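The exercises below concern the fold and the side-chain contacts of one protein model. Please work through each task with the structure in view before reading its solution.

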Amino acid sequence: MEPATSEEPATRDELLTAAESYAETVPIGVSLSDIDWECSERAVRRAGACIYDRRTGHVTIRLTWSAYRAFGWEEFTGTIRHELVHAWEFQQFGESGHGARFTEKANELDAPRHCRSFSDARLRLRCSACDWETRRYRASKAVKRPSRRRCGSCGSRYHVEHVESGKQWRTHAGYLVARRKLGDEW
């Protein structure tokens, strides 16, 4: 599938205009007139999102500016196709996920089933006893109060690490100290 523009979008408005134009070239049975397009400034791990209003049947596709900047137009068109598959599922079935139906339609359109990460996680949540760990981009409840959580694999307590600085904590007080010491580097 060819990009809808000869030059890569340079602004958020240009990205939305290009995405809408590109969507018209994607052979998928969606009602594009029932889709709104938005640009997200806040998302740190999602390249896009498809939001469905069950009451009205209306769909909004929200594209992440930072992901576009990290990927470039050619790769980002895969994100657009991915979100169009969600829109198709919502419009046809009133629900969407990443299951077999999604996978089949995504394969037809050469759309990725999942979009790759475009940013590095700031935090790492780890089990103190086994090999389990996960990344965190924001200070979730588990990050702020790790002593209240237990590993689903072995039942042990968590500890949290601020990846860039290496600072670690196991309690809410430890989180507060690390956050204060890191200041603007958080």
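**Exercise 1. The hairpin of β2 and β3**

How many residues lie between β2 and β3 in their hairpin, and which residue in the turn has a positive phi?

Solution. The model is a predicted one, in which local features need pLDDT of at least 70 and side-chain atom pairs count only at pLDDT 80 or more, while totals for chains, interfaces and linings use all residues. Residues are numbered from 1 along each chain as its sequence is written, and side-chain values use heavy atoms, with hydrogens and water left out.

Step 1. Helices (H or I, at least four residues) and strands (E, at least two) are DSSP runs, numbered from the N terminus. Strand β2 covers residues 48-53 and strand β3 residues 58-64.

Step 2. Two strands pair if DSSP finds at least two bridges between them. Between β2 and β3 there are six bridges, in the antiparallel sense; C50 has I61 of β3 as its bridge partner.

Step 3. Four residues separate the two strands of the hairpin, and G57 in the turn has a positive phi of about 80 degrees.

**Exercise 2. The three-stranded sheet**

Determine the strand order of the sheet that contains β3, and identify its edges.

Solution. Step 1. The order is β1-β3-β2, in an open sheet with mixed pairing.

Step 2. Because β1 (35-40) and β2 each have a single partner strand, they stand at the edges, and one side of each is left without a neighbour in the sheet. From one strand to the next, the twist averages 20 degrees (axes are lines fitted to C-alpha atoms, for helices over the stretch in contact, with angles from 0 to 180 degrees between N-to-C directions).

Step 3. The parallel part of the pairing is that of β1 with β3, joined by six bridges. Within it, D36 is bridged to T60 in β3.

**Exercise 3. The four-stranded sheet**

Describe the pairing around β4 and the directions of its side chains.

Solution. Step 1. Four strands form an open antiparallel sheet in the order β5-β4-β6-β7. Its edge strands, each paired on one side only, are β5 (133-136) and β7.

Step 2. Strand β4 (residues 123-127) runs antiparallel to strand β6 (residues 158-162), with five bridges between them. L123 stands opposite H162, and C127 has Y158 as its bridge partner in β6.

Step 3. Towards β5, β4 forms four antiparallel bridges. Here L123 stands opposite R136, and a hairpin of five residues joins the two strands.

Step 4. Side chains alternate along β4: L123, L125 and C127 point to one face and are buried, whereas R124 and R126 point to the other and are not. Buried means under 20% relative accessible area, exposed over 50%, and partly exposed in between (1.4 Å probe, protein chains only).

**Exercise 4. The packing of α3 and α4**

What is the angle between α3 and α4, and how far apart are their axes?

Solution. Step 1. Helix α3 (residues 73-93) packs against helix α4 (residues 100-108) at an angle of about 130 degrees, with the axes 10 Å apart.

Step 2. That angle makes α3 oblique to α4, since angles under 35 degrees count as roughly parallel, over 145 as roughly antiparallel, 65 to 115 as roughly perpendicular and the rest as oblique.

**Exercise 5. Aromatic rings and charges**

Classify the ring pair of W88 and F93, and find the charged groups over these rings.

Solution. Step 1. Rings of Phe, Tyr and Trp (its six-membered ring) pair if their centres lie within 6.5 Å; planes under 30 degrees apart count as stacked, over 60 as edge-to-face and the rest as tilted. The whole structure holds 10 aromatic pairs. One of them, W88 with F93, is edge-to-face, at 5.5 Å centre to centre and 80 degrees between the planes.

Step 2. W88 is buried, at a relative accessible area of 14%, while F93 is partly exposed at 43%.

Step 3. A charge sits over a ring if NZ of Lys or CZ of Arg is within 6 Å of the ring centre and within 35 degrees of the ring normal. R101 lies over the face of F93, 4.0 Å from the ring centre, and the charged end of K105 sits over the ring of W88, 4.5 Å from its centre.
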